[in-house]
Structures are given as structure tokens and as C-alpha cells.
Amino acid sequence: MTAFVGSSLRFTDNTGQAQEIMLTPERERVTIGRSPQADLALSWDAEVSRLHAAIEYLGTQWTIVDDGLSRNGTFVNGDRLVGRRRLIAGDRIRVGTSIVSFHDFGATTDAITRTSTSTTPSMRSLTDTQRAVLIALCRPYKHGAGFATPAANQQIADELFLSVDAVKTHLRTLFAKFGVEDLPQNQKRVRLAGLAMQTGLISDRDL
């Protein structure tokens, strides 16, 4: 249970203020919607349904479920949610025009500890180009921008004067080096950027 004490949902309210809702296994369901009765109420967002989606604790994992509750759909890292999906640290949930990010610091720390002793590469194991691609991927996170997303392939290509195909090739190599190649495609980039920064391989100074 203690591994999930640090779980939370973060979002920006209609005044531009950052807000956070803590998640604990004892509170197994957190609703998201436009209704004032929702646990995470986005009353100002007209594109959010009254009951839009729910975050639920199943077994040892936090999941998100829509099941047709919403009018305009729920999106996780850009992909429309169908049914239920497990959440991992760094996932970005879009409901209406609002972005909610999922953070799981306890589980992330454990994962980083395991990864750093096994698969996380050292600085010397990266080529100059691989490191440049990694920095460009992480650049939107400069100054701790919590609601940022990793740079797109085209953005990386433009910054480094590479072809998009070359960027994809370098990213495939980086996915393998960081041990995230088996994750779903839409999660690889977020996880790669997260590991690169959380392990100190890429620092804010690099960005």
C-alpha cells in the first residue's frame, strides 16, 4: 500500500492555478466531470460531461475508465480511451479541453531504482546524436513544466537537422537502451523522457 501514497492527479483550474488531488487505495474511485458533485470537478469546461470518467484502484494499480460515460470521449496520451486502461506515471489525460496528469511517485521511485541498476544506460554509452535526440525529446519539460509532452519526431528533426526517419531510428535504439521498448507505442516517449530526467541523465541545464 505504501508504494502508492504519492499518487496524485494534477490539473490547472479556470484561474490558471495548479491543483492536485491525492489518490490513496482507501479511496478506490475518483470521478471526473463537469458536475459540482464530481471528485475532480471541471465545471468551467463545457466540453466535459457531467460524469465524464473515473479513476479506480484495482488490485495494485490505478486505472481510468470511461465506458461511454462521456459525450466527447476521454484521451490518454492522445489516444481515445476504450473501456479501461492502467495508468502509469506521467500519463496525460484529456477530458474536454482540460489536461489532467497522473503522478505515482512511490511506484516511480521503485521502478527507477530497479531500472537504474539494470537497464538505464550511462552517459558514455550514448552517442552524441542519441544524447542530442534525448535532449530535444525532453526540451518541452524545461523548468519543470509538469503538463508538457515530449517533443514530436518532426520537432526533433527540425531542431537537429535530421530526417524524421533518422529520429525514429535513434528513438528505437534509445527505447531499447532504456528498457521501454515493450511499452505501448504512445507510452514509450513519455516513459523515456521521464527516465532520462528522473535518473539525472538529462538535467534542466541541458534543456
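For these entries I count two strands as paired if DSSP finds at least two bridges between them. The model I am reading is a predicted one.

**Entry: the sheet**

I began with I93, and I found that this residue stands opposite V100 in strand 11. Strand 10 and strand 11 (residues 98-104) run antiparallel and are joined by four bridges. I then looked at the hairpin that these two strands form, where two residues lie between the strands and G96 takes a positive phi near 60 degrees.

Next I followed strand 10 (residues 92-95) to strand 7 (residues 74-76), with which it pairs in the antiparallel sense over three bridges. Here I93 turned up again, as the bridge partner of V76. I also traced V76 towards strand 8, where its bridge partner is D79; strand 7 and strand 8 run antiparallel and are joined by two bridges.

Putting the strands in order, I read an open sheet of six strands, 2-1-11-10-7-8, with antiparallel pairing. Strand 2 (18-22) and strand 8 (79-80) stand at the edges with a single partner strand each, so one side of each is left without a neighbour in the sheet.

**Entry: rings and a charge**

I looked for aromatic pairs and noted that the structure holds one. The ring centres of Y57 and W62 are 4.8 Å apart and the planes are at 55 degrees, so I record the pair as tilted, the edge-to-face class being kept for planes over 60 degrees apart. I checked both residues for exposure and noted that Y57 and W62 are buried.

Back at the strands, I examined R94 and saw that its charged end sits over the ring of F75, 4.3 Å from the ring centre.

**Entry: helix 2**

I turned to helix 2 (residues 128-138), which I describe as mostly covered, since eight of its eleven residues are buried. The buried residues are Q130, R131, V133, L134, I135, A136, L137 and C138. I asked myself which helices the buried residues of helix 2 pack against, and I found helix 3 (153-160), helix 4 (164-177) and helix 5 (185-198).

Within helix 2 I singled out R131, whose side chain reaches the backbone oxygen of L201 at 3.1 Å. When I left aside the neighbours within four places in sequence, I found R131 in contact with M123, L201, I202 and D206. I therefore note L201 under R131 twice, once for its backbone oxygen and once in the list of contacts, where a contact means heavy atoms within 4.5 Å.

Conventions: Residues are numbered from 1 along each chain as its sequence is written. This is a predicted model: local features need pLDDT of at least 70, side-chain atom pairs count only at pLDDT 80 or more; totals for chains, interfaces and linings use all residues. Side-chain values use heavy atoms; hydrogens and water are left out. Buried means under 20% relative accessible area, exposed over 50%, partly exposed in between (1.4 Å probe, protein chains only). Rings of Phe, Tyr and Trp (its six-membered ring) pair if their centres lie within 6.5 Å; planes under 30 degrees apart count as stacked, over 60 as edge-to-face and the rest as tilted. A charge sits over a ring if NZ of Lys or CZ of Arg is within 6 Å of the ring centre and within 35 degrees of the ring normal. A polar contact is a pair of N or O atoms within 3.5 Å; within protein, one must be able to donate a hydrogen and the other to accept it, and residues adjacent in sequence count only if both atoms are side-chain atoms.
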